[in-house]
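Trainee: Got a minute? I'd like to go through this one with you.
Mentor: Sure, pull it up and ask away.
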Amino acid sequence: MNTIRRCIACGCAFQPRPQVPSQRFCSAAECQRERRRRWQRQHLRSDADYRDNQARAQAKWRARHPDYWRQYRATHPAYRERNCAMQRERNARRSSSPVANMDASPPLHPLASGFYILRRAVETGIAKMNACTVHIAVLSTPNGSPIRDCKEMT
Ligand SMILES: [Zn+2]
């Protein structure tokens, strides 16, 4: 029999192998890779055992190649930058984010002028250990009224 089908990956016409009457991908290497990719994606979604086995195999591989990802990140700056940006987004969405949230804060007294310890928390959402001492001079309170004793306001 000469059944001709269209490959669902490349769209080319092909003849299914007699051993695989329901064949949907042609035998081109790229189309077979696509077939395996779709199979794996489908099983990662639907098969908990498969997912666990994959996770264990990947953990073993990482243990055998401890420097692989460090070197990959060092030699692929665009990949690294994209990951950093996505992590920043996740940190910003996380409810326990250390970034100050106006709605979650208890009612504030106006910030008083004085010396404060400042830590950078912007890049990763995780406070860096390095801290500096800064002096903050309050120019106005949250309700907008200027501080009368501020020397710059006179
Ligand atoms: Zn194909």
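Trainee: What share of the 154 residues in the chain is buried?
Mentor: Buried residues come to 11% of the 154. Keep in mind that this is a predicted model.
Trainee: And how much area does the chain expose?
Mentor: About 13200 Å², with carbon and sulfur atoms supplying 55% of that.
Trainee: Switching topic: how many helices and strands are there?
Mentor: Four helices and four strands. Along the sequence they run β-β-α-α-α-α-β-β.
Trainee: What part of the contacts with a separation of 6 or more comes from residues 24 or more positions apart?
Mentor: Those residues account for 14% of them.
Trainee: OK, aromatics. How many aromatic pairs turn up in the whole structure?
Mentor: Seven. One of them is Trp61 with Tyr68: the ring centres are 5.1 Å apart and the planes sit at 80 degrees.
Trainee: Why does the pair of Trp61 and Tyr68 count as edge-to-face?
Mentor: Because the planes are at 80 degrees, and anything over 60 counts as edge-to-face.
Trainee: Is Tyr68 buried or exposed?
Mentor: In between: Tyr68 has a relative accessible area of 36%, so it's partly exposed. Trp61 is partly exposed too, at 31%.
Trainee: Which aromatic pair does Tyr68 form with Trp69, stacked or edge-to-face?
Mentor: Edge-to-face, with 5.0 Å from centre to centre and 90 degrees between the planes. Trp69 is partly exposed, at 33% relative accessibility.
Trainee: Which residues form the aromatic cluster?
Mentor: Trp61, Tyr68, Trp69, Tyr72 and Tyr79 form one cluster.

Definitions and conventions
Residues numbered from 1 in each chain as written. Predicted model: local features only at pLDDT ≥ 70, side-chain atom pairs only at ≥ 80, totals over all residues. Heavy atoms only, no water. Helix = DSSP H or I, 4+ residues; strand = E, 2+ residues; numbered from the N terminus. Buried < 20%, exposed > 50% of the residue type's maximum accessible area, 1.4 Å probe, protein only. Contact = heavy atoms within 4.5 Å. Areas by Shrake-Rupley, 256 points an atom, 1.4 Å probe, with all protein chains shown as cover. Phe/Tyr/Trp six-rings, centres within 6.5 Å; stacked < 30°, edge-to-face > 60°.
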